[in-house]
Amino acid sequence: DQAPGLRTVKNEFKPSSVLQPAVAKGNSVPLFGTRTDAEPPVLDPVAAFAALEVAQAYDTAAIKTGAAGDPAVRAGKTTGNHVGTLGAIGLVIPQGRNLFETIALNVPAGPMWRLGGEDRPHWRGRPRGPSWDDARTPTGLLELLTWQSRRIRLIPEASPGGQVVVRHVVLTAGDRLKEVPHWDPRTQWRIRSRPVPGLGPDIPVRHTPGRTGWRGLTSLLAVRVDTADERKTRTSHLLVQVGDALDEGHIEPSYPLDVLSVGVEYGTQSAVVDSVIADSLPVPVRALNADEAVRRFVLDAAGQAEVIRRALNRLESDLREACGGERTPAGAPGAGDAVTHSLGGPLRWLMNTLRRDPDDILGPLQAWERAAVDIARSQAEALLSGNPPAAFNRGKVGGQRRNTTLAQRSFNATLRKQLPLGWSRPAEESAASQEENNHD
């Protein structure tokens, strides 16, 4: 028990599903699943403890059941509760070859995180009763990592087989963070030139729903930034620390580092979970050094993928206009956005290859560009095949010539300029491709 004897004003229990954001509950049950609150998940002690930790990190905000003895309870409820401690950030987790190495990679080192003083884990502080503290900032890393954003009590019972299980819990309000401390080592940060009162010097970066992990590589690899430019971001201290370990000879250049990004998107006043974000990327350790060529090539590849996305979106808009329609509305997803997941495979292959052998760059880069160009051409051909013949020689639209031929020519010019290694082919490959086109 985190709070022994914790009970609600009406001595009510909640189903164990309230500890699991991915499990349907309450009003969402008829829409997303067949399980009802009358049939809560049966958790063994290990699973119950893991679910408890997830709730502390990602529980939804707004109204919570009031705890008996909590002076802030009104009509059996408390209001204004924040999301769990990790719900306000985009968590970045370096992963090693095994659990030991992963734990070591996630332990921050340096003078800022020296333990001592008033910083201590919650179980060494005062006993946690039903009331909770006013919003404040943790005194240090130990208190932050064990912050009690909720008061939770697991209700054990015996299963038909005699095992101890958990089907019901008590979950009430907990301590509130005043702000995410700017020294939190687990997230990326957006740099601000002028601090905003009440919000701290920088803003924690949250992961964007529906956006693949490689599209955030610029922020993920931002180990050195110009702090005067508030459009810039800096990566998590944990990744900076990995780059420092490489420079100091504690990690070999071919170390198989993965970076897991985890986050939650909330909806309706953060009272419900809309989606859970989780994506893992293989990251060459040398890419965490600002002066390494590998970092530049990885970022260039991610930039090329972004060029393809935009070029396909522009081609789709040009073709719509060539048919007499309107361009794709600004901000609306297009053909380029649909192809980003296809580009992710070759890009991950490139990063994994450079991770294994960071000295062999040209061959993998050429293979990446060829794969990317092939994917882009395939998507472009699908768009072009849907245009009517009349659109190939259409005249002026809005004072400018708009037809399929010009749209295709502009698209090809972009690929030729931005992905030259992928556009050019060996002589024998080009001849075979030309012969195939002649047969068609």
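Residues 24 or more positions apart make up 69% of the contacts in the chain with a separation of 6 or more, where contact means heavy atoms within 4.5 Å. The chain has 440 residues, and 44% of them count as buried. Here buried means under 20% relative accessible area, exposed over 50%, and partly exposed in between, with a 1.4 Å probe and protein chains only. There are 13 helices and 13 strands; these are DSSP runs numbered from the N terminus, with helices being H or I of at least four residues and strands being E of at least two.

A word on what you're looking at: this is a predicted model, in which local features need pLDDT of at least 70 and side-chain atom pairs count only at pLDDT 80 or more, while totals for chains, interfaces and linings use all residues. Residues are numbered from 1 along each chain as its sequence is written, and side-chain values use heavy atoms, with hydrogens and water left out.

**A three-stranded sheet**

Let's start with an open sheet of three strands, in the order 4-10-11, with antiparallel pairing. Strand 4 (91-95) and strand 11 (272-282) sit at the edges with a single partner strand each, so one side of each has no neighbour in the sheet. On average, neighbouring strands of this sheet are turned by 15° against each other, direction ignored. Two strands pair if DSSP finds at least two bridges between them; strand 10 (residues 258-267) and strand 11 have 10 bridges, in the antiparallel sense. Within this part, Val264 stands opposite Val276 in strand 11. As background, strands of a sheet pair through backbone hydrogen bonds, either parallel or antiparallel.

Helix 9 (residues 340-356) lies across strand 10 and strand 11, and runs at about 45° to strand 11. For such angles, axes are lines fitted to C-alpha atoms, for helices over the stretch in contact, and angles run from 0 to 180 degrees between N-to-C directions.

What about the loop between strand 10 and strand 11? Thr268 lies there, and so does Gln269. Thr268 has a positive phi near 45°, in a residue other than glycine, and Gln269 likewise has a positive phi, near 60°. Most residues other than glycine have a negative phi. Thr268 is exposed, at 65% relative accessible area, and Gln269 counts as exposed too, at 73%.

**Helix 6 and its cover**

Which residues of helix 6 (residues 237-247) are buried? They are Leu238, Leu239, Gln241, Val242, Gly243, Ala245 and Leu246. Strand 4, helix 3 (99-105), helix 5 and strand 10 are among the elements that cover them. After helix 6 comes Gly249, with a positive phi near 80°.

**Salt bridges**

How many salt bridges does a search of the whole structure find? It finds 16. A salt bridge is a side-chain nitrogen of Lys or Arg within 4 Å of a carboxyl oxygen of Asp or Glu. Here are three of them.

| Pair | Distance, N to O |
|---|---|
| Glu101 and Arg97 | 3.0 Å |
| Arg167 and Glu157 | 3.4 Å |
| Glu306 and Arg215 | 3.4 Å |

Glu306 lies in helix 7 (residues 293-322) and Arg215 in the loop between strand 8 (203-204) and helix 5 (217-220), so their salt bridge ties together parts that are 91 residues apart in sequence. Glu306 counts as buried, at 14% relative accessibility. Salt bridges that share partners also join Arg215, Glu306, Arg309, Arg310 and Asp337 into one network.

In the pair Glu101 and Arg97, Glu101 is buried at 18% relative accessible area, whereas Arg97 is partly exposed at 49%. Over in the pair Arg167 and Glu157, both are partly exposed: Arg167 has a relative accessible area of 24% and Glu157 one of 27%.

**The second largest pocket**

Arg215 turns up again here. The second largest pocket has a volume of about 800 Å³. Of the 37 residues that line this pocket, the closest to its centre are Arg215, Gly216, Leu217, Thr218 and Ser219. Helix 5, strand 10, strand 11 and helix 7 are the elements that give two or more residues to the lining, and helix 7 gives the most, with six residues.

On a 1 Å grid over the protein atoms alone, a pocket is an open set of points where a 1.4 Å probe fits, with protein on both sides within 12 Å along at least five of seven lines; lining residues have an atom within 4 Å of a point. Grid points are joined across faces, edges and corners, and a volume is the space filled by probe spheres set on the points.
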